[in-house]
Amino acid sequence: MLEIKNLHVKLEEEDKAILKGLNLTVETGKVHAIMGPNGSGKSTLSYVLSGRDGYEVTEGSAELAGEELLELQPEERAAAGLFLAFQYPVEIPGVGNMTFLRTAVNAKRKANGQPELSAGEFLKLVREKAKALKIDAEMLKRPVNVGFSGGEKKRNEILQMAMLEPKMCILDETDSGLDVDAMKLVAEGVNALRDEGRSFLVITHYQRLLDHIKPDVVHILADGRIIKTGGPELAQEIENNGYADILAEHGISEVMA
Amino acid sequence: MAVLQQKRDAAAARLDALTVATGDFTAAARSDALARVQAQGLPARRDEYWRWTNPAALNAVAPSPAAGSDAGDEFAAFDRIKLVFVDGVFDAAASDDLSQAGIELLSAAGNADIHWAGAIYGTLEKAGQTPVDRPFAALNTATATEGVLIRVTGKAPKPVHLQYIHSSDHSDPILHHIVKLEEGAELTLLESGTPGARFNVVTEVCLSKDAKFNHIRVQGAEQDRQALTHIFTRVAEGAAFKSFTMTMNGVLTRNECVIDIIGDDAVAHVAGAALGDGKTEPFHHDDTVFITHGALRGESRQVFKKVLKNGANGIFQGKILVKEGAQKTDGYQISQSLLLDDDSQFLAKPELEIYADDVVCSHGSTTGSIDQTAMFYLRSRGVPVEDATAMLVLSFMADAVDEIEDEALRDDILSRLEAWLSRHRS
């Protein structure tokens, strides 16, 4: 599904290399987790894949189902089936959550040559998906993410994911700022979307999210590269011992930029 | 002195082409206003109050021609009492019946003696000449040919809608409306369309104790018309004045609003959303507001948003004056522009002048471009750049549009903003 080869990325403004030859393959229907210490390049990876400005790819490639992602505009990547659940979902005052969702869903359908959903069809769909995430009608009416709690914002991200039905979902530190109950609710939402045709890349600093979203494969990202790959037990190892040992093994100083 | 003489000469030249009506309830006010505008002269570029808006097109004896257009029956979806003015002339045939239960409606033209209106005509305008001269308003009082007189004693049964139709390329109407809300009365006043090629509209709004006035104005989307409007209002104890204006297009628009809070616990909100695209014609929009707090616990809001592109010009001059003794005043003013390119400009002059020591007053003014973080968020959800821009423009406008209390009217305004945005994508 997602194939990243020798990806090198630097910050445009600072001329600072963040990703230094990252290789990663996520198979269709699988959940991969990326763990890593602060400053290892986790968020950069998610932003580069989704097409945010400010990053320069100096080398390498990233393909989504055989299509080169890095040459596409962000909206084209979304249309191609990529979805990024933001670590910090953006508040957009004055734009209703429903309007936003409907615009997004129909833009994607249009890009893929499908007819737009009628107001009635959309409403039915969104109510059904919102209910599963315990998102009430009031939240749908409010402006996008404005006045939402941390948990509500993350649930709203998962609702968007459910509505857009992406092939490849990237979750960027979705657990940050959530208490245990909120995290469980979000994880349930994600698990409900697990499907043999859909892949996930779960980026997280802590193992706790992976208790709820069980990964097939766990990668350790440090100093801009994947330094270790293993099964779910690798996450447990990090939880028990921290990153220090693994980093030392690879000759990486623990304190990153 | 030479400058003042030039200004007076300009006034004399304009007045020569106009008539000061005599013999009706407005006669005394007109001759008083005539003397005032003759003494003030018309504005000059050098006047501080006209520094950013060139008054030349308004001073000219004849207007620059502007093609009329039929905006259709705006607010058609609303149950209202419609009064139609064609090139500034009241069109009784196209209007609803003036005799309505619960509301007194009169055409200002040719009414011999209307006590309540005679006590207001030109009075609020004259009071609004201090501390800043507003010669065009005095000119209006002296020479207005038409207007509507509205008096409400209870809750008005329906909104009153003043619909302006512009058909002649050279029409130059001067309209003077009077609104009086008696104690506890309520009225929504709607205005739409373009009164003429050039127009000067003064509305005096007298709010008695606990009266509630809502004003929603949609200035027609014509390009070449030259617009000058003044609202003068006096807000008594417990009364609420709320006015919202949406402006799209226009080579010259200046909307002045002069609010005098004279009673305790009164509320005055004035808001505006302007969309300007200078691509085919220049766009110049000026909001000038002066709010005087002269009583206890007054609340005032000024919320102005402008979206500017292709060399459009936006101006905001807003002042809050808190008089001595107007304690617990809560005054807030925000003026913001969203510049969609590097060619457009926004000039703002926020002012606070406070003589009471226990007040909360603040102002803010910003000029910015589209928020790139929000833009990326929308695009990452598959929303194309143009649609995302439209959404973020609406987001920017939200605070001003939210000043419209009525949900149906608010939605109506939002849909107009959306339609404009879809017409002005590049």
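The legends below describe close-up views of a predicted model.

**View 1. Helices α1 and α2 of chain B pack against each other.** Helix α1(B) covers residues 2-16, and helix α2(B) covers residues 27-40. Their axes lie 7 Å apart. The angle between them is about 140°. The two helices are therefore oblique to each other. On the α1(B) side, the contact is made by L4(B), K7(B), R8(B), A11(B) and L15(B). On the α2(B) side, L34(B), V37(B), Q38(B), A39(B) and Q40(B) take part. By residue class, the contact of α1(B) with α2(B) divides into six nonpolar, two polar and two charged.

**View 2. Helix α7 of chain A and its packing partners.** Helix α7(A) runs over residues 180-193 and has 14 residues. From first C-alpha to last, α7(A) reaches 20 Å. That is close to the 20 Å expected at 1.5 Å a residue. Which residues of α7(A) are buried? They are A182(A), M183(A), L185(A), V186(A), A187(A), G189(A), V190(A) and L193(A). An α-helix has 3.6 residues a turn, so residues three or four places apart point the same way. The buried residues of α7(A) pack against two helices, α6 (150-164) and α8 (208-212) of chain A. They also pack against two strands, β9 (168-172) and β10 (199-204) of chain A.

**View 3. The surroundings of E152(A) in helix α6 of chain A.** Buried or exposed: which is E152(A)? E152(A) is buried, with a relative accessible area of 18%. The cut-off for buried is under 20%. Beyond its neighbours within four places in sequence, E152(A) is in contact with M139(A), R142(A) and G147(A). L178(A) is 26 residues from E152(A) along the chain. The C-alpha atoms of E152(A) and L178(A) are separated by 9.6 Å.

**View 4. Cysteines C206(B) and C361(B), without disulfides.** How many disulfides are there over all chains? The count comes to zero. A disulfide would need two cysteine sulfur atoms within 2.5 Å. For C206(B), the closest cysteine sulfur is that of C257(B), 14 Å away, which is too far for a bond. C206(B) is buried, at a relative accessible area of 14%. For C361(B), the closest cysteine sulfur is again in C257(B), at 17 Å, and this too is too far for a bond. C361(B) counts as buried, with 17% relative accessibility.

**View 5. The cis peptide bond between T130(B) and P131(B).** Omega is about 5° at this bond. P131(B) sits in the loop between α5 (123-127) and α6 (135-143) of chain B. Most peptide bonds are trans.

**View 6. Positive phi at D223(A).** Phi of D223(A) is near 50°, a positive value in a residue other than glycine. Most residues other than glycine have a negative phi. D223(A) belongs to the loop between β11 (217-222) and β12 (225-230) of chain A. With a relative accessible area of 24%, D223(A) is partly exposed.

**View 7. Positive phi at D210(B).** Where in chain B is D210(B)? D210(B) lies in the loop between β9 (198-207) and β10 (212-219). Its phi is near 60°, positive in a residue other than glycine. D210(B) is partly exposed, with a relative accessible area of 33%.

Notes. Residues numbered from 1 in each chain as written. Chains lettered and ligands numbered in written order. Predicted model: local features only at pLDDT ≥ 70, side-chain atom pairs only at ≥ 80, totals over all residues. Heavy atoms only, no water. Buried < 20%, exposed > 50% of the residue type's maximum accessible area, 1.4 Å probe, protein only. Axes fitted to C-alpha atoms, helices over the stretch in contact; angles between N-to-C directions. Helix = DSSP H or I, 4+ residues; strand = E, 2+ residues; numbered from the N terminus. Parallel < 35°, antiparallel > 145°, perpendicular 65-115°, else oblique. Contact = heavy atoms within 4.5 Å. Nonpolar A, V, L, I, M, F, W, Y, C, P; charged D, E, K, R; others polar. Expected span 1.5 Å × (residues − 1).
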